[in-house]
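Me: I am new to this structure. Please walk me through its strands in short questions and answers.

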Amino acid sequence: MKIALIQSDLVWEILKHNISNFEAKISEIDASVDLIVLPEMFSTGFTMNASEMAEAMDGETVVWMQTLAKNKNCAIAGSLIISENEKYYNRFLFAFPSGEIQYYDKRHLFSLAGEDKVYKAGSKKKIVEYLGWKICLQVCYDLRFPVFVRNVENYDLILYVANWPKVRINAWDILLKARAVENLSYAIGVNRIGFDANNHQYNGHSQVVDFLGNPILEPQENEGVFIVELDKNIMLETRKKMNFLSDKDLFEIQS
């Protein structure tokens with residue numbers, strides 16, 4: 001699978017500017033890709049102003065993702081603020097080339113920023129099946145909680161989108177490798193760069209790690225589009241040789 005990671009600055013709470021920016025970057029992708037990944041809350045930045053910034057599942061950004069996925073004949077993924085049943089969600093959308101949308105609602109809300117006071121936490125793990133790959137969708141702070149993403153579904157790729165600040169970027173680097181190794185899965189992290197309205201600095205470190213913790217794409221700090229190609233067969237062969245997952249503990253997660 002060929003995947004494009006887009007690392008960019010975000011303009012605070014100006015949807016049209018952010019959408020225009022990402023559309024321009026996507027239009028410059030010459031190679032044929034299967035999946036394009038955008039950061040967490042890519043249309044607004046990591047804002048708690050959900051009442052003003054949220055949109056419905058038939059809103060402008062969702063329709064933009066669906067249209068772009070059809071036109072590019074590839075999947076588009078990233079999180080944004082969704083309003084549904086009078087609740088707000090930090091929702092990770094996966095738009096298929098067909099126009100179908102599947103999604104994951106962020107389970108672990110970042111209480112340090114008051115995210116848990118504004119948004120409703122998701123309760124269900126989501127594995128998307130696409131082009132013969134099983135992809136586990138996760139958002140930012142979820143990265144710190146390995147139990148929820150324990151690989152009991154034999155997924156092939158774990159995908160994190162984030163607004164992860166520079167001050168804690170070392171944890172981001174370590175934990176992405178840890179999630180890949182413990183789950184014998186590829187891991188991709190797509191983060192933003194720049195400063196937000198709260199003067200938090202982001203230095204990206206979008207990256208791709210293989211199932212043994214080896215870098216496929218080293219952490220990046222500049223704005224750009226980074227394309228990688230992943231081989232599922234190599235991962236499956238490694239799982240056969242080193243089937244650590246067969247020795248995992250059994251447990252149930254309470255909602």
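Below are a few questions on the sheet, a helix and a hairpin.

This is a predicted model, where local features need pLDDT of at least 70, side-chain atom pairs count only at pLDDT 80 or more, and totals for chains, interfaces and linings use all residues. Residues are numbered from 1 along each chain as its sequence is written, and side-chain values use heavy atoms, with hydrogens and water left out.

Me: Which strands are the edge strands of the open sheet?
Reply: Strands are DSSP runs of E with at least two residues, numbered from the N terminus. Two of them pair if DSSP finds at least two bridges between them. The sheet has 6 strands in the order E5-E4-E3-E2-E1-E14, with mixed pairing. Pairing on one side only marks the edge strands, E5 (101-105) and E14 (224-229).

Me: Which residue in E4 does Ile 82 stand opposite?
Reply: Strands E3 (residues 75-84) and E4 (residues 87-95) are antiparallel partners over 9 bridges. Opposite Ile 82 in this pair stands Tyr 89.

Me: At what angle does helix H3 run to E3?
Reply: Helices are DSSP runs of H or I with at least four residues. Angles run from 0 to 180 degrees between N-to-C directions, with axes fitted to C-alpha atoms, for helices over the stretch in contact (heavy atoms within 4.5 Å). H3 (residues 60-72) lies across E3, E4 and E5, and its angle to E3 is about 160°.

Me: Which residue takes a positive phi in the hairpin of E6 and E7?
Reply: E6 (residues 127-130) and E7 (residues 133-139) pair in the antiparallel sense over 4 bridges. Their hairpin has 2 residues between the strands. The positive phi, near 55°, belongs to Leu 131.
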